[in-house]
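Me: I have a chain open on my screen and would like to talk it through. Could you take my questions one at a time?

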Amino acid sequence: MTINTARLLANINTRAARLFEDGYSIVRKSEDTLIVTSNEGTAYEVDTFWGSCECPCYKNHGTCKHLIGWENLEETQKAYEEALLAGAPTEDEEFGRTWYECRVAARAR
Ligand SMILES: [Zn+2]
């Protein structure tokens, strides 16, 4: 592995771990396919059976943040939705910010 490949993988892993915080959302299309959408609306289909994604990064490098991060994103999104359903406040009490603003702030860090 070259230094550049190692750097690229580290970068992909870092971004994969924070898809939810960065405003990504996930929808299951079928048992083996799901759609990961950024907060700007760019959507890519991830095939969890074959372990592939339709994004440019996957095409160029054979891996991507969507493929590495979808499971964590799905889990986090589910926990977030359950918390909202259970009546959790949608604002950060300390800062008076909405969840969306918190996510944008997390993205800017
Ligand atoms: Zn991808």
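Me: Happy to start small: in which element is the place of A16?
Reply: A word on the ground rules: this is a predicted model, where local features need pLDDT of at least 70, side-chain atom pairs count only at pLDDT 80 or more, and totals for chains, interfaces and linings use all residues. Residues are numbered from 1 along each chain as its sequence is written. Helices (H or I, at least four residues) and strands (E, at least two) are DSSP runs, numbered from the N terminus. On that basis, A16 sits in helix 1.

Me: Why does A16 count as buried?
Reply: A residue is buried if 20 or more other C-beta atoms lie within 10 Å of its own, exposed if 12 or fewer, and partly exposed in between, with C-beta atoms placed from the backbone. A16 counts as buried because its C-beta neighbours inside 10 Å number 20.

Me: Which residues does A16 touch, not counting residues up to four places away in sequence?
Reply: Two residues are in contact if their C-beta atoms, placed from the backbone, lie within 7 Å. A16 and G69 are 53 residues apart along the chain, with their C-alpha atoms separated by 4.3 Å. Leaving out residues up to four places away in sequence, A16 touches K65, I68 and G69.

Me: Now the sheet: in what order do the four strands of the open sheet lie?
Reply: Two strands pair if DSSP finds at least two bridges between them. Strand 1 (residues 25-28) and strand 2 (residues 33-37) pair in the antiparallel sense over four bridges, and five bridges join strand 2 to strand 3. Strand 3 and strand 4 pair over two bridges, again antiparallel. The order in this open sheet is 1-2-3-4.

Me: Which are the edge strands?
Reply: An edge strand here pairs on one side only. The two that do so are strand 1 and strand 4 (52-53).

Me: Which residue in the turn between strand 2 and strand 3 has a positive phi?
Reply: Strand 2 and strand 3 form a hairpin with five residues between them. Across this pair, L34 stands opposite V46, and V36 stands opposite Y44. The turn residue with a positive phi, about 100°, is G41.

Me: Which residues make up the covered face of strand 3?
Reply: In a regular strand the side chains alternate between the two faces of the sheet. In strand 3, the uncovered face has A43, E45 and D47. The covered face has Y44 and V46.

Me: At about what angle does helix 3 run to strand 1?
Reply: Axes are lines fitted to C-alpha atoms, for helices over the stretch in contact, and angles run from 0 to 180 degrees between N-to-C directions. Helix 3 lies across strand 1, strand 2, strand 3 and strand 4. Its angle to strand 1 is about 90°.

Me: Last one: which element gives the largest share of the largest nonpolar core?
Reply: A nonpolar core is a set of buried Ala, Val, Leu, Ile, Met, Phe, Trp, Tyr and Cys residues joined through C-beta atoms within 7 Å. Of the 15 residues in the largest one, Y24, I26, V36, V46, W70 and L73 touch the most other members. Helix 1 (3-16), strand 2, strand 3 (43-47) and helix 3 (65-85) each give two or more residues to this core. The largest share, three residues, comes from helix 3.
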